[in-house]
Amino acid sequence: MPDECWRGELARTIRTETDLAARVRLDEREREGIRSAGERYPWRITPYYAGLMDPDDPACPIRRQAIPAPEELHDPLGTRDPIGEEPRSPAPNLIRLYRDRVAWCVTAACPVNCRFCFRKRLVASPDAGDYSAAARREALEYIARTPEIRDVLVTGGDPLMLPDETIADILGSLRAIGHVEIVRIGTRTPVTLPQRITPELCAVLEQHHPLWINTHFNHPKELAPEAVAACARLAAAGIPLGNQSVLLKGINDDVPTMLALVQGLVKVRVRPYYLFQCHLAPGTAHFRTPVETGLAIVSALRGSTTGFAVPTYVVDTPRGKVALSPQTIVERTPDAVVLRCPDGSTWTEPNPR
Ligand SMILES: *Cc1c(COP(=O)(O)O)cnc(C)c1O
Ligand code: SF4
């Protein structure tokens, strides 16, 4: 699979109502969304991702993730920087919320502009910032002179939008810093542009272990043969794969969909890592679910599938990620805890003082 494949996909990216209408039967709501919300929050869709859409069903989970909706213009709670990343930037495009790890946004580009993106202030934005080699050097210098940083999360935008040589340069520079123990990449390309995972890219990545990758599947429909093959190539390069999903109303906020998603992921060696409560990103009110929905889903998964297929449900706050777990302690006595079991019964477990 040569470079031309993914570059060709990007060159043929769908950005107009006419081009999209040639692929799916757009309904009036979508057409209005494209003309209104699509002006406010830019959109783009790879031909590959558009090919996963049901051409006849506007409720298709792929369509809803990628096609602008009029509801995006009605979101009083949405904010530009929902988890307060901007005030925590000690160097260009670097976000340091934790002592030992940083997130490093190396590009503002993505193959598809997800409608629920929490980095809309960067992705496809005119004031996305400076991603020049000079800015990269500044970020690297900060990491190099900060010995507490042991984990660097390379993110964006989508880091794999960069050419292989730039990726090699970034990973090589990080590897050259002795205190950086692990590097991870956050990328949605296996989902939106699986052609990007070329053998050449994998050859670059596997030279920089320990390297971890987190991808972002939200719906079992996204586990198409090309995406599965992309994950297999990454796994064959020895890269442990995780998945971060966003809980999205009407897309994946029910147990059968989430069960199919997590089980489909572990089949292709991708471990469900986080399930995010939808961020307070601008234009996403129509995607947000009650926290109780997320809790009910992870609770149902816990009883009914492989333990490591169950993601941690988190609310991403400006003060860090908060993991939410279904309440399983029913009662405490002086020397025992009463627990709620997966079958609904209770169990009394002795609890040493
Ligand atoms: C999520 C996040 C990380 C990584 O958190 P983990 O829980 O270790 O996956 C690091 N930095 C920032 C700013 C983050 O938002
Ligand atoms: S791939 Fe991630 S960063 Fe890019 S638009 Fe989607 S959610 Fe945002």
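How much space lies in the largest cavity? Here it is about 80 Å³, in a model that is predicted.

**View 1. A look into the largest cavity and its walls.** The structure holds 3 cavities of 30 Å³ or more, and this close-up picks out the largest cavity, with about 80 Å³ of space. Its lining takes in Arg-29, Glu-30, Pro-58, Arg-63, Arg-64, Ile-67, Pro-68, Ala-69, Glu-72, His-286 and Phe-287. Helix H3 (28-35) and helix H6 (61-66) are the elements that give two or more residues to this lining. Sort the lining by class and you get 5 nonpolar, 1 polar and 5 charged residues.

**View 2. Ligand 2 and the residues around it.** The space that ligand 2 takes is the largest pocket. Around the ligand sit Cys-110, Val-112, Asn-113, Cys-114, Cys-117, Val-123, Gly-157 and Arg-188. By class, that shell splits into 5 nonpolar, 2 polar and 1 charged residues.

**View 3. Two cysteines, Cys-114 and Cys-341.** Cys-114, which also turns up in the shell of ligand 2, has a relative accessible area of 14%, so it counts as buried. Cys-341 comes out at 23% relative accessibility and is therefore partly exposed. The cut-off that matters here is 20%, since buried means under 20% relative accessible area.

**View 4. Checking the cysteines for disulfides.** A disulfide is a covalent bond between the sulfur atoms of two cysteines. With sulfur pairs needing to lie within 2.5 Å, the count for this model comes to 0 disulfides.

Technical notes: Residues numbered from 1 in each chain as written. Chains lettered and ligands numbered in written order. Predicted model: local features only at pLDDT ≥ 70, side-chain atom pairs only at ≥ 80, totals over all residues. Heavy atoms only, no water. Buried < 20%, exposed > 50% of the residue type's maximum accessible area, 1.4 Å probe, protein only. Near = heavy atom within 4 Å. 1 Å grid on protein atoms, 1.4 Å probe; cavity = no way out; pocket = protein on both sides within 12 Å on 5 of 7 lines; lining within 4 Å. Sits in = over half its atoms within 2 Å of the grid points. Nonpolar A, V, L, I, M, F, W, Y, C, P; charged D, E, K, R; others polar. Points joined across faces, edges and corners; volume = space filled by probe spheres on them. Helix = DSSP H or I, 4+ residues; strand = E, 2+ residues; numbered from the N terminus.
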